[in-house]
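Thanks for making time for this. I would like to take you through one structure, and I will try to stay with what its coordinates let us say.

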Amino acid sequence: MRAIIAEKNGGAEVLKVRDVPKPTPGIGEVLVRVKAAAVNPFDAQVRRGDYAAFMPTPHKMGVDVSGTVAAVGEGVDTLAVGDDVFYSTRVLSNEGGYADYHVEQARLIAKKPADLSFVDAAALPIAAGTAWVCLIERGRLKAGDRVLIHGASGGVGLFAVQIGRLAGAQVVATGRNDAHELVRSLGADTTVDYRDVDAWDQLAACSGGGYDVILDLVGGDTIQKSLSLLASGGRIVSIVDQPDPQSLYEGWGVNAEIHLVFLTPDADRLARLGSLTARGLLKPVVERTLPLEQAGDAHRLIEAGGRQGKIVLVTS
Ligand SMILES: NC(=O)c1ccc[n+]([C@@H]2O[C@H](COP(=O)([O-])OP(=O)(O)OC[C@H]3O[C@@H](n4cnc5c(N)ncnc54)[C@H](OP(=O)(O)O)[C@@H]3O)[C@@H](O)[C@H]2O)c1
């Protein structure tokens with residue numbers, strides 16, 4: 001079978017199509033015939049070597065998968081051969097979604113609703129899952145709240161905007177202005193171009209006395225700069241590495257909560273997101289699909305910026 005392998009750490013050119021043996025499911029595992037695999041910024045970070053301590057080369061790529069169960073291992077009674085499924089793999093330990101087949105633990109896998117395409121299903125697990133954890137599970141967003149989403153035009157952000165709207169919140173979103181129409185069409189009430197010299201003043205002006213939840217999908221000094229925009233008891237939720245120290249001083253006065261999120265897979269959460277999508281309440285935005293062999297091109301697109309939606313690899 002074909003698998004995309006990062007033979008060493010480096011640019012997109014290190015990704016090679018290789019012929020490797022088809023894996024066999026062990027106890028509690030299933031073999032999935034992969035139909036589609038979404039490409040995430042995380043994949044490019046892994047390829048570049050940001051996680052080289054955990055993933056020595058050569059290594060397989062890809063954490064977002066949809067496909068059809070081709071074989072089940074001993075002890076699996078929740079899935080059967082022929083079931084259409086989607087999931088995210090165990091991160092930093094079981095990558096390999098960019099391939100014709102992949103093996104994963106059955107407990108992490110959700111059944112794909114019939115009304116959901118394989119491409120849309122592959123776009124959900126990491127991006128929609130992260131947005132859901134950040135806003136609903138950690139941010140405790142509720143109707144009438146005001147939420148600020150930094151990085152709303154990206155893979156996670158486009159789902160976050162929709163989840164904010166679904167929760168009944170007022171959504172303020174940042175992104176470059178070419179993406180504002182899309183972001184508004186998905187549910188943002190207000191959009192701000194983060195490149196404007198007065199972008200932070202604009203965000204303060206529409207904070208309505210303070211944001212209940214602020215989502216940081218961007219990093220840098222976003223947490224530090226956002227603290228003064230929080231309502232009393234407000235939550236900042238960040239999913240991005242924080243390599244540089246930030247001052248949290250402004251957070252004391254408002255009893256701020258700061259949450260750092262690293263997504264862990266959960267089949268029940270995925271099934272819920274699949275159901276919302278199949279019912280038309282969430283809409284995956286897929287900018288482009290590419291054949292599996294063009295994984296390198298997909299990584300170049302991911303790293304170029306200016307995207308509006310997910311890039312998804314398809315196996316046939
Ligand atoms: N911790 C976790 O569990 C977890 C899970 C998923 C993702 N992540 C990480 O979270 C980050 C976002 O993921 P993603 O999939 O949404 O990435 P993405 O698709 O690349 O989106 C990032 C978005 O942020 C925008 N952006 C860049 N700088 C900005 C700024 N200063 N203000 C506002 N927006 C800005 C980009 O717009 P432009 O096109 O203008 O550059 C892009 O639309 C990545 O670093 C990813 O690795 C972490």
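I will go through the domains, the ligand shell, two helix contacts and then some individual residues.

Please keep in mind from the outset that this is a predicted model. The protein is divided into domain 1, which covers 2-123 together with 284-314, and domain 2, which covers 127-260. The contact between them takes 7 residues from domain 1 and 7 residues from domain 2, and on the domain 1 side the residues that touch domain 2 comprise 2 nonpolar, 4 polar and 1 charged. The C-alpha centres of the two domains, for reference, lie 29 Å apart.

Where does the ligand lie with respect to domain 1 and domain 2? Both domains give residues to the shell around the ligand, and so the ligand lies between them. That shell is made of 28 residues, of which the closest are G151, G154, G155, Y194 and L263. Turning to secondary structure, the elements that give two or more residues to the shell are α1 (41-48), α3 (125-138) and α4 (155-167). In terms of residue class, the shell around the ligand divides into 13 nonpolar, 13 polar and 2 charged residues.

Two of those helices, α1 and α3, also belong to the helix contacts that I want to describe next. Two packed helices are described by the angle between their axes and the distance between the axes. For α1 and helix α9, which spans residues 295-304, the axes come within 9 Å and cross at roughly 110°. Since an angle from 65 to 115 degrees counts as roughly perpendicular, α1 and α9 are therefore roughly perpendicular to each other. On the α1 side the contact is made by P41, D43, A44 and R47, and on the α9 side by H299, I302 and E303. By class, the residues of this contact of α1 with α9 divide into 3 nonpolar, 1 polar and 3 charged.

The other contact is that of α3 with helix α8, residues 267-278, where the helices pack at an angle of about 100° and the axes are 10 Å apart. By the criterion I have just used, α3 and α8 are therefore roughly perpendicular to each other. Here α3 contributes P125, A128, G129 and W132, while α8 contributes R269, L270 and L273. The residues of the contact of α3 with α8 divide into 5 nonpolar, 1 polar and 1 charged.

Now to individual residues, beginning with R146, which lies in strand β9, residues 146-150. Is R146 buried or exposed? It has 24 C-beta neighbours inside 10 Å, and because 20 or more is the cut-off, R146 counts as buried. If we leave aside its neighbours within four places in sequence, R146 is in contact with A169, Q170, V172, S207, G208, Y211 and D212. The C-alpha atoms of R146 and G209 are separated by 9.6 Å, although these residues are 63 residues apart along the chain.

G75 is found in the loop between β5 (64-72) and β6 (84-88), and with 10 C-beta neighbours inside 10 Å G75 counts as exposed. Leaving aside its neighbours within four places in sequence, G75 is in contact with I27 and G28. The C-alpha atoms of G75 and A123, which are 48 residues apart along the chain, are separated by 29 Å.

I will finish with backbone geometry, where the background is that most residues other than glycine have a negative phi, and most peptide bonds are trans. A cis peptide bond joins T57 and P58, with omega at about -5°, and P58 lies in the loop between α1 and β4 (59-60). R140, in the loop between α3 and β9, has a phi near 50°, a positive value in a residue other than glycine. With 15 other C-beta atoms within 10 Å, R140 is partly exposed. N255 likewise has a positive phi of about 50° although it is not a glycine, and N255 lies in the loop between β13 (230-238) and β14 (257-260). N255 counts as exposed, with 11 C-beta neighbours inside 10 Å.

Terms used: Residues numbered from 1 in each chain as written. Predicted model: local features only at pLDDT ≥ 70, side-chain atom pairs only at ≥ 80, totals over all residues. Near = placed C-beta within 6 Å. Helix = DSSP H or I, 4+ residues; strand = E, 2+ residues; numbered from the N terminus. Nonpolar A, V, L, I, M, F, W, Y, C, P; charged D, E, K, R; others polar. Domains from an automatic or database assignment. Buried ≥ 20, exposed ≤ 12 C-beta atoms within 10 Å, placed from the backbone. Axes fitted to C-alpha atoms, helices over the stretch in contact; angles between N-to-C directions. Parallel < 35°, antiparallel > 145°, perpendicular 65-115°, else oblique.
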